[in-house]
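Please open the model in a viewer and keep the sequence panel visible. The tour proceeds by selection, one stop at a time.

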Amino acid sequence: MAILVSRTGRTLQRYHKGHRLVVGCIPYRLSRNGGLEVLMISSQKGQAMMFPKGGWELDESIEEAASRESVEEAGVVGVVERELGKWRFMSKSRPIYREGYMFPLLVTEQLDLWPEKNLRRRVWMCAADAREVCQQIWMKEALDMLVERLKLESSLTSGDEGGQEVFPKAL
């Protein structure tokens, strides 16, 4: 997959009841010691840290939009997993609401070149650190949901529901 330019413009943007629909991912991987690491990116206009997200366009599925945003903004490719949820939040630039959907993205490849490489910084960190630096409440809630989902899946696959925690607490 080679996407060298980010999509721009609003002509293909999806809206619901006047609210622009945005889609994002929480890119994640398991470290060598089994801990959860998530990838955060800086905002284009500042140092705020967040997860990749952007507009969902008419010519793509919601999963395709989530994957595209991860490649464009964070330079990672992976498997888009089951939706974490839907949030309604206030736009930072205008006094209007957005509807945002978040997905986990199990990272399979980290690109050296990606469309917004010169606009953003990307940083891998543990979930607890990511929760602390993330300024958007809805993204923190999505991260909490991902951590809980992965803990549950880990306990179910290991058959040990009362044993040692695999992932550090996000809270």
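The stops below begin with the confidence of the model, continue with one strand and its partners, and end with a helix and the chain's uncertain stretch.

**Confidence.** Please colour the chain by pLDDT before selecting anything. This is a predicted model, and its mean pLDDT is 87, with 86% of the residues reaching 70 or more.

**Strand β2.** Select residues 19-30, which form strand β2. Is this strand largely enclosed or not? Of its 12 residues, 10 are buried, so β2 is largely enclosed by the rest of the structure. The next four stops visit the strands that pair with β2.

**Strand β1.** Add residues 15-16, which make up strand β1; β1 and β2 run antiparallel and are joined by two bridges. Display Tyr15 and look across to β2, where its bridge partner is Arg20. Two residues lie between the strands of this hairpin, and Lys17 there takes a positive phi near 50 degrees.

**Strand β3.** Next, select residues 36-42, strand β3, which pairs with β2 in the antiparallel sense over three bridges. Show Arg29 together with Glu37 of β3, the residue it stands opposite. The hairpin of β2 and β3 has five residues between its strands. Which residue of this hairpin takes a positive phi near 90 degrees? The residue to select is Gly34.

**Strand β5.** Select residues 53-55 to display strand β5, which runs antiparallel to β2 and is joined to it by three bridges. Within this pairing, Val22 stands opposite Gly55 of β5.

**Strand β8.** Now select residues 97-110, strand β8. How many bridges pair it with β2, and in which sense? There are nine bridges, and the pairing is parallel. To locate the pairing in the viewer, show Pro27 and Leu105 of β8, which stand opposite each other.

**Helix α3.** Leave the strands and select residues 137-158, helix α3, then highlight Asp144 within it. Is Asp144 buried or exposed? Asp144 has a relative accessible area of 16%, which is under the 20% limit, and therefore counts as buried. Select Ala128 as well: Ala128 and Asp144 are 16 residues apart in sequence, and their C-alpha atoms are 9.4 Å apart in space.

**Residues 161-171.** Finish at residues 161-171, where pLDDT stays under 50. The model has 25 contacts beyond four places in sequence for this stretch. Where pLDDT is low, the predicted coordinates should not be read in detail.

Technical notes. Residues are numbered from 1 along each chain as its sequence is written. This is a predicted model: local features need pLDDT of at least 70, side-chain atom pairs count only at pLDDT 80 or more; totals for chains, interfaces and linings use all residues. Side-chain values use heavy atoms; hydrogens and water are left out. Buried means under 20% relative accessible area, exposed over 50%, partly exposed in between (1.4 Å probe, protein chains only). Two strands pair if DSSP finds at least two bridges between them. pLDDT is the predictor's confidence in each residue, from 0 to 100. Contact means heavy atoms within 4.5 Å.
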